[in-house]
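Here are my notes on the model. Please read them with the structure open.

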Amino acid sequence: MHPIAVLLVQRIALSLLLLLAVSVLIFVGTEILPGDVARVILGQGATEQAVENLRREMGLDRPAITRYFEWLFNALQGDFGVALSNRRDIATAIGQRLGNTMFLASVAAAFAVPLAIFLGLLAVRYQNRWPDRLISGITLTAISLPEFLLGYIIMFVFAVQLGWFPSVSSIHGGMSFGQKLYAVALPAMVLTLVVLAHMMRMTRAAILNVMQSAYIETAELKGLRKLTLIFRHAMPNSIAPIINVVMLNLAYLVVGVVVIEVVFVYPGMGQYLVDHVARRDVAVVQACGLIFAAVYIGLNLVADLVSILTNPRLRHPK
Amino acid sequence: MSRSRDKAPEGTPLLDVQGLRIEATIYEPGEPPRDAVIVDDVSFTLARGKVLGLIGESGAGKSTIGLAALAYGRGGIRLAGGRIMLNGRDIRTSGPRDLRRLRGEEVTYVAQSAAAAFNPARRIMDQVTEATLIHGLMSEREAKARAVELFRVLKLPDPETFGRRYPHQVSGGQLQRAMTAMALCPKPDLVIFDEPTTALDVTTQIDVLAAIKNAIRETGVAALYITHDLAVVAQVSDEIMVLRNGRMVEHGPVQQIIEAPREDYTRALVSVRQIDHEEAKPSPQPLMVLDGITARYGSMNTDVLTDISVELHAGQTLALVGESGSGKSTVARVITGLLPPRAGTVRFDGRELTPALKDRPREDLRQIQMIYQMADVAMNPRQTVRTIIGRPLEFYFGLRGRKRDERVQELLDAIELGKGFADRYPAELSGGQKQRVCIARALAADPKLIICDEVTSALDPLVADGILKLLLDLQKREQVAYLFITHDIATVRAIADSIAVMYQGRVQRYGTKTEVLTPPFDDYTDLLLASVPEMKLGWLEDVLATRKMESAGN
């Protein structure tokens with residue numbers, strides 16, 4: 001087998017193992033939380049008998065191990081059970097909202113990633129001159145502001161003052177792609193500003209690190225333009241650290257958007273999670289936890305795989 | 001679609017440098033930044049198709065002058081004054097557009113370390129043809145055809161497919177030739193060769209040197225050839241310019257420089273490596289015996305060392321010679337216990353040493369000390385010389401306070417550094433001084449054996465000579481034995497009592513210095529000895545015509 005295939009299979013297997021471990025943690029975590037789900041559902045005034053009946057009905061009287069494997073097995077088939085609070089199917093509810101969250105994350109990523117890398121390249125091109133300072137200054141300011149404040153400022157300027165975009169980003173299945181884009185314009189803008197600085201700084205640092213190499217001097221002595229040189233010779237050797245930070249930020253776009261979704265009343269995973277945490281709905285918390293963990297692990301896996309694949313020494317062994 | 005280039009009128013030189021002055025701003029810790037003159041008042045001319053050798057020790061300004069022909073200054077270096085006329089214009093004052101045209105189209109550059117100068121992420125062919133293509137000198141097909149042709153001229157294996165490989169997939173000597181192809185591909189007027197063979201083994205150097213010389217002749221390009229090795233530059237140049245501390249010492253035709261040098265400094269360079277060392281006879285009781293050592297690293301499938309058996313006598317020097325990858329340094333790792341062997345034993349001073357370092361008693365550790373090639377990375381940059389040399393005194397002998405300081409000073413006197421050095425940091429020492437401190441540190445343990453791993457390879461010839469003389473001197477006084485690992489035959493001749501020639505993990509030839517260096521030779525020893533550049537005209541051609549085998553690196 002090609003050595004790179006071995007490496008890839010190893011990484012993927014490791015990720016699956018990690019995901020399994022996380023699922024155990026989530027299950028055990030919710031299991032040791034004080035309070036009994038049946039009692040929570042029935043309320044303080046319920047009789048012992050009623051609680052006991054409900055426990056049996058929900059299968060809570062069986063050993064934890066049995067329930068864990070049942071939960072895991074169902075989850076793998078896309079069945080997360082029903083929400084305890086409103087008896088609605090979790091998978092259906094999440095499916096819609098996860099799609100919305102992914103849409104918002106994708107829109108933000110589609111702007112943020114290329115912009116961050118381009119700004120990083122520019123910052124290197126004009127290192128320590130005013131464009132570099134300006135880029136760093138603006139992106140650092142954006143990341144320093146709490147995102148809810150940034151959200152309200154942007155909402156005030158673009159929705160209230162200028163009236164260009166809606167202040168509430170409600171979307172539903174019947175909207176066209178263009179309408180959806182229009183609806184999420186403001187939250188996507190805030191998210192872009194939030195993740196931009198981190199990725200841009202890493203791009204700048206990773207490329208500057210490579211710019212010290214002898215082969216950069218070789219390229220310079222070939223008479224290449226500075227930007228061509230950075231793009232052709234420095235970028236390919238700094239992809240691994242850049243992709244790692246990009247993936248961390250993409251993960252943040254999916255799992256960390258709770259506040260922004262609340263600010264813009266966006267029907268995504270964050271809103272859904274916050275609503276059910278408030279009601280102590282353990283089944284939903286488990287489901288969301290597992291999905292978020294899967295997103296994190298999956299994106300980091302992609303970063304790992306890309307790092308391996310971009311290394312010519314691994315791709316083309318001697 | 002080759003673009004016409006403005007040629008200077010017939011009769012004027014290609015490159016005409018007059019009164020060149022190069023400055024740099026130096027930032028030393030604790031001092032305000034100051035301007036230093038790197039090169040001062042250097043003038044020369046170079047006609048089309050001619051080769052000028054620039055020679056001098058490190059810090060002489062050779063590379064800086066070479067890069068000035070590309071109007072390029074490394075770091076904070078400024079081309080401060082003088083004229084650099086190339087193809088009829090002063091490139092010192094050219095704007096960015098003209099500079100881009102100059103670099104890669106009119107003048108190209110071959111760096112010392114091709115391994116570092118090639119981008120690891122891109123195929124060799126893309127990099128070789130890049131300058132040709134971005135300057136629009138040829139179509140992609142023409143450029144590739146020319147690259148393949150150059151690979152052929154430079155005797156690279158499989159010239160048709162060589163360019164498809166990545167830099168890490170070819171050997172150091174091949175990469176150095178590929179770099180030469182990269183420089184010649186755009187059909188430049190001038191190529192700057194900056195120590196192109198210095199990082200190579202002698203056995204590989206000779207092939208690269210021949211390939212470069214051949215390529216220069218076939219393409220009729222002019223060249224500046226920069227090196228610290230006078231014997232090398234004598235093989236390829238028409239004229240030689242000797243530099244020292246950024247100033248010209250002497251400039252003349254090759255024959256005059258090597259046969260009738262006018263300046264003392266040039267004479268010192270020419271006569272380097274003439275240390276006389278009387279060979280000592282083996283004693284009946286060897287200090288160290290390696291018996292049948294076989295070793296490999298980690299999970300490797302092949303042995304790096306196979307059945308190594310040699311002896312070393314007290315107060316004498318055993319030289320291990322061979323090209324890189326022959327297993328020389330691995331022998332040192334086995335002796336020090338860093339790499340326990342798979343088979344065989346190391347006997348030292350009448351007892352058997354434990355295979356692994358961690359099981360050795362402190363006394364055994366003290367008896368065997370090491371000195372490394374890179375003196376500056378072998379010392380902690382944040383410790384003073386006193387702390388560095390004092391550490392083994394504390395560790396092995398429990399010396400502290402005044403006693404320790406006195407002993408440190410004795411050791412400093414022994415390595416000819418004298419007073420005032422104890423409180424300096426490694427960064428404040430020159431390369432030769434750093435290596436001396438490392439020697440003092442090894443001596444501080446009062447060992448019976450010092451392993452010297454390429455200790456003079458990174459030093460300029462004159463400085464290296466000083467170190468070798470010091471080592472011989474110390475050997476006489478302290479009766480310490482040396483295991484001297486080197487790829488440099490001249491060094492071996494200067495200091496060895498016995499020699500082991502290593503080739504692909506085996507001892508190829510072993511005996512006293514006289515035995516090993518007296519014909520008849522086996523093929524490899526013959527190649528190794530013949531590859532050492534000699535300071536005479538036509539040496540390169542003679543060797544290529546008479547040697548019996550080629551280097552394993554090809």
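The points below cover numbering, domains, the chain contact and one helix pair.

1. This is a predicted model, in which local features need pLDDT of at least 70, side-chain atom pairs count only at pLDDT 80 or more, and totals for chains, interfaces and linings use all residues. Residues are numbered from 1 along each chain as its sequence is written, while chains are lettered from A and ligands numbered from 1 in the order in which they are written.

2. Chain B is assigned domain 1 (15-270) and domain 2 (288-518); such bounds come from an automatic or database domain assignment. Their C-alpha centres are 35 Å apart. Seven residues of domain 1 of chain B contact six of domain 2 of chain B (C-beta atoms, placed from the backbone, within 7 Å).

3. Chain B puts 24 residues into the contact with chain A, which puts in 16. On the chain B side, H2 (96-106), H3 (114-117) and H4 (124-134) each supply at least two residues. Helices here are DSSP runs (H or I, at least four residues), numbered from the N terminus. H2(B) gives the most, five residues.

4. In chain B, helices H14 (385-397) and H16 (431-444) pack at about 20°, axes 7 Å apart. Axes are lines fitted to C-alpha atoms over the stretch in contact, and angles run from 0 to 180 degrees between N-to-C directions. H14(B) and H16(B) are therefore roughly parallel (under 35 degrees). Val385(B), Ile388(B), Ile389(B), Pro392(B) and Leu393(B) of H14(B) meet Val437(B), Ala440(B), Arg441(B) and Ala444(B) of H16(B).

Note on methods: Contact = placed C-beta atoms within 7 Å. Parallel < 35°, antiparallel > 145°, perpendicular 65-115°, else oblique.
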